[in-house]
Amino acid sequence: MRVDAGLSRLLGLSRTVVATLAEDGMIALDGRAAGKSDRLTAGSWLEVELPEPETPAVIAAPPELVGGMTVLYEDEDVVVVDKPVGVAAHPSPGWTGPTVVGGLAALGVRVSTSGAAERQGVVHRLDVGTTGVMVVAKSEHAYSVLKRAFKERAVDKRYHAIVQGHPDPTSGTIDAPIDRHPRHDYKFAVVAGGKPSVTHYDTLEAFRAASLLDVHLETGRTHQIRVHFSALRHPCVGDLTYGADPTLAKRLGLQRQWLHARSLGFEHPADGRWVEFVSEYPPDLARALERLRD
């Protein structure tokens with residue numbers, strides 16, 4: 001075989017990459033520089049020098065004051081914030097909007113350096129379109145303790161959601177695996193072989209066309225609440241991505257899903273005492289709820 005074809009199969013590189021290596025003198029055949037079209041023969045000694053891998057670019061969170069983001073609690077170990085809509089937890093490829101990490105930096109809050117560079121101190125996330133309470137670790141000890149607590153499901157995460165229709169039963173548990181949507185990469189779905197996902201819910205109020213639910217997450221998959229209730233044909237009101245009625249969303253003045261991280265409880269990393277923080281409904285969700293009640 002030719003050098004480019006043979007090395008492509010041996011190393012799993014493209015023929016173009018192999019050709020470039022040959023042009024740069026990084027391939028030797030029996031001690032002599034080999035060209036991409038030279039022939040490989042049985043018993044020959046082949047030497048290949050691969051370049052150093054490129055260092056991935058670090059996605060930084062520039063300090064930027066985030067309008068509407070308030071600090072609910074802060075001490076030496078943790079900072080608890082009330083995240084507004086349109087704010088990401090941390091920077092990511094393609095996201096140019098505000099972030100919780102950048103907002104804290106602008107306020108002079110120093111967070112833990114543990115974790116990936118772009119998400120230092122972040123032990124859990126909320127979707128950009130989901131508001132509510134979120135904790136960020138400030139000390140390295142707090143990061144380790146909280147990360148383990150979330151992994152072991154020792155944190156009490158409660159959301160309030162308004163879903164279309166009336167779930168039956170009015171209180172229950174949804175146990176259905178979640179993974180990437182088979183056709184739409186930006187969505188998630190209930191799929192066989194997905195990651196185990198468990199959602200508990202209770203109905204707080206029932207309206208003519210919708211229900212206000214208290215939702216307790218046992219697991220924390222991306223879009224879990226939205227996916228689970230969409231699978232039950234009771235999508236979050238306003239959640240057009242997961243099949244909500246656009247007419248109802250327009251009538252209630254919603255530009256996003258009615259989903260709010262209402263409370264968060266955990267053992268404080270410093271002394272183990274149980275602490276719990278509550279977030280009030282933001283104006284757009286409060287107005288939609290009042291319109292349902294009228």
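**Salt bridges and a three-stranded sheet**

In this predicted model, the side chains of D156 and R158 meet in a salt bridge, with 3.3 Å from N to O; a salt bridge here is a side-chain nitrogen of Lys or Arg within 4 Å of a carboxyl oxygen of Asp or Glu. D156 counts as buried at 15% relative accessibility, whereas R158, with a relative accessible area of 27%, is partly exposed. These words follow fixed cut-offs: buried is under 20% relative accessible area, exposed is over 50%, and partly exposed lies in between, with a 1.4 Å probe and protein chains only. Residues are numbered from 1 along each chain as its sequence is written, and side-chain values use heavy atoms, with hydrogens and water left out. As the model is a prediction, local features need pLDDT of at least 70 and side-chain atom pairs count only at pLDDT 80 or more, while totals for chains, interfaces and linings use all residues.

The structure holds 13 salt bridges in total. One of them joins the side chains of R226 and D127, at 3.5 Å from N to O. This pair links distant parts of the chain, 99 residues apart: R226 belongs to helix α5 (residues 224–231), and D127 to the loop between α3 (100–106) and β6 (131–137). Helices (H or I, at least four residues) and strands (E, at least two) are DSSP runs, numbered from the N terminus. R226 is buried, at a relative accessible area of 7%, and D127 is partly exposed at 21%.

A helical example comes from E290 and R293, whose side chains form a salt bridge of 3.0 Å, N to O. Both residues lie in helix α7 (residues 283–293), three residues apart, which is about one turn of the helix. E290 is partly exposed at 40% relative accessibility, and R293 is partly exposed at 39%. Elsewhere, R2, D4 and R15 are joined into one network by salt bridges that share partners.

Turning to the strands, an open sheet of three has the order β2-β1-β3, with antiparallel pairing. β2 (32–33) and β3 (46–48) stand at the edges with a single partner strand each, so one side of each has no neighbour in the sheet. Two strands are taken to pair if DSSP finds at least two bridges between them. Strand β1 (residues 27–29) and β3 run antiparallel and are joined by three bridges; within this pairing, A28 has E47 of β3 as its bridge partner.
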